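I opened the notebook to record what I looked up, site by site. The entries follow the order in which I checked things.

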Amino acid sequence: MIDNTAAFETAGYSSYPVTHRPLRIEPGEDSLRLAWEDGRESEFHYLWLRDNCPCPQCVSSLTREQLFEICDVALSIRPETARLSDGYLEIQWQGDGHSSRFHPGWLRAHCYSEQARAARHWQPEIWDKAAIEARLPSFDYSDMMQDDTVLLRWLRQLRDSGISLLRNTDTTPGTLKQVAERISFIRETNFGTLFDVRSKPDANTAAYTTLRLPLHTDLPTRELQPGLQFLHCLENDASGGESMLVDGFRIAEHMRQEYPDDFEALSTLPMDFYNKDRNSDYRFRGPALVLDGQGTVIEVRFANFLRGPLDIPADQVVRHYRAYSTFIRLTREARFQFEYRLVPGDLLVFDNRRVLHARRAFDLQQGQRHLQGCYVDRDELLSRIRVLERSL
Ligand code: OGA
Ligand code: ZN
Ligand code: ZN
């Protein structure tokens, strides 16, 4: 059995266990076919292989960044010799005679057959009220802080379902910072590094009043909406103030099926989002539903109270309002809503670019309500997962 990496064999820091060995190769015109012992086949193009040569001439041993540029070889590049040796694919190239050696675990992990690409494609775990009530992802604060395996489980869960509850979190103000830094950098904004969500006499946003907040994402007014949102409950004995969460991907899929024209309107017509304050003026223009090249919904951008006047062609205005109203009506439907009353020590974390959140109005005559919040971008979450996966 071949060892997991030797980092320099793969130009990175991850390890690639060899779960299957290559059996034979079959060189073709501009690619070779590699047959694995489990019957799978991979096609690797010569250009792709040459581009991915991990040798120290092609990849810096210090930074592990590529030095080689593909334009320095002919597009018609092909091997002088190609063979399997002790499980490795070894190629000596025509022309300059450069040699490349590819680790089998790395090759298998980067196979780009349709089957392999589909298997690597990330799929969210989409939920509605029933699904999330049946299994709300919950973790214990101390376990997560002390144990990296729990941390990794928590973060993967957040990535996939977009929601989680950390329980028994220390209610000392500022604890949130340590939790967020367990992942990585906090995303600072005009609301601060940590923000205090409570009723304030000089409120600059609806969140800092006792008013109801309809379902929304935070900071749709920014080019990049914050990825993860943290809401840490320090006090909550006021009456009202219950939280509601809705999986925006679920609503979008429902719209696509049941109201295709509304879905198309919300995914193509731009909306204007404004965050006006005394010393700042953030604005962003973009559709409420963001699709990738394959038409998959990858982001939801939505806050009724942070909109500017609509600025689209006149013949699209009524169409937009119809679609926008459909979306809001759907988010209000009980079958999609997870309702939860935060108790002190609860720390709710969710994907703000996917999950909409809301709260009921509250009344401070009987008690207090104080949450602390912050943001951590999705990039930080995903990077942390990958680094933890290197060793766990
Ligand atoms: C917010 C927010 C929810 C709450 O601060 O953005 O939505 O429960 N707060 O107060
Ligand atoms: Zn090389
Ligand atoms: Zn909010």
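What spacing do the donors of the zinc ion (ligand 2) follow along the chain? I read it as C-x1-C-x2-C-x39-H. I keep in mind throughout that this is a predicted model.

**Entry: zinc ion, ligand 2**

I listed the donor atoms next. They are SG of Cys-53, SG of Cys-55, SG of Cys-58 and NE2 of His-98. Their distances to the zinc ion run from 2.1 to 2.3 Å. Then I checked the angles. The four donor atoms subtend 101 to 116° around the zinc ion (ligand 2), so the arrangement is tetrahedral. The cut-off I applied asks that all angles lie between 85 and 135 degrees. For reference, the ideal angle for four tetrahedral donors is 109.5 degrees.

I also looked at exposure of two of the cysteines. Cys-55 has a relative accessible area of 16%, so I call it buried. Cys-58 is at 2% and is buried too. Buried here means under 20%.

**Entry: zinc ion, ligand 3**

Which protein atoms are donors to the zinc ion (ligand 3)? I found NE2 of His-216, OD of Asp-218 and NE2 of His-357. They lie 2.0 to 2.1 Å from the zinc ion. Along the chain the spacing reads H-x1-D-x138-H. I checked burial for two of these donors: both His-216 and Asp-218 are buried.

**Entry: ligand 1**

I moved on to the surroundings of ligand 1. His-216, Asp-218 and His-357 appear in them, and these are also the protein donors of the zinc ion (ligand 3). The other residues around ligand 1 are Val-197, Ala-207, Leu-213, Gln-229, Arg-359, Arg-369 and Leu-371.

I noted three polar distances to oxygen atoms of the ligand. A side-chain N or O atom of Arg-369 is 2.7 Å from an oxygen atom of ligand 1. For His-357 the corresponding distance is 2.9 Å. For a polar side-chain atom of His-216 I have 3.1 Å. How much of ligand 1 does the protein bury? Taken alone, ligand 1 exposes 290 Å², and the protein buries 96% of that.

**Entry: strands 16 and 17**

I traced a hairpin here. Strand 16 covers residues 289-291 and strand 17 covers residues 297-300. They pair in the antiparallel sense, over three bridges. Five residues sit between the two strands. Gly-295, in the turn, has a positive phi of about 85°.

Leu-289 stands opposite Val-300 in strand 17. Is Val-300 buried or exposed? Its relative accessible area is 0%, so Val-300 is buried. I also followed Val-300 to Asn-352. The two are 52 residues apart in sequence, and their C-alpha atoms are 8.3 Å apart in space.

**Entry: positive phi outside glycine**

I picked out two residues. Arg-64 has a phi near 60°. Arg-64 sits in the loop between helix 1 (46-51) and strand 4 (79-85). Asp-86 is not a glycine either, and its phi is about 55°. Asp-86 belongs to the loop between strand 4 and strand 5 (88-93). With a relative accessible area of 56%, Asp-86 is exposed; the cut-off for that is over 50%.

**Entry: whole chain**

I closed with the overall counts. The protein chain has eleven helices and 22 strands. Its C-alpha atoms fill a box of roughly 80 × 55 × 45 Å along the principal axes. Of its 392 residues, 49% count as buried.

Terms used: Residues numbered from 1 in each chain as written. Chains lettered and ligands numbered in written order. Predicted model: local features only at pLDDT ≥ 70, side-chain atom pairs only at ≥ 80, totals over all residues. Heavy atoms only, no water. Donors = N, O, S within 2.8 Å, 3.2 Å for Na, K, Ca; no water. Tetrahedral: all angles 85-135°; square planar, octahedral: opposite > 155°, others 65-115°. Buried < 20%, exposed > 50% of the residue type's maximum accessible area, 1.4 Å probe, protein only. Pairing = 2+ DSSP bridges. Helix = DSSP H or I, 4+ residues; strand = E, 2+ residues; numbered from the N terminus. Near = heavy atom within 4 Å. Polar contact = N/O pair within 3.5 Å; in protein donor to acceptor, adjacent residues only side chain to side chain. Areas by Shrake-Rupley, 256 points an atom, 1.4 Å probe, with all protein chains shown as cover.
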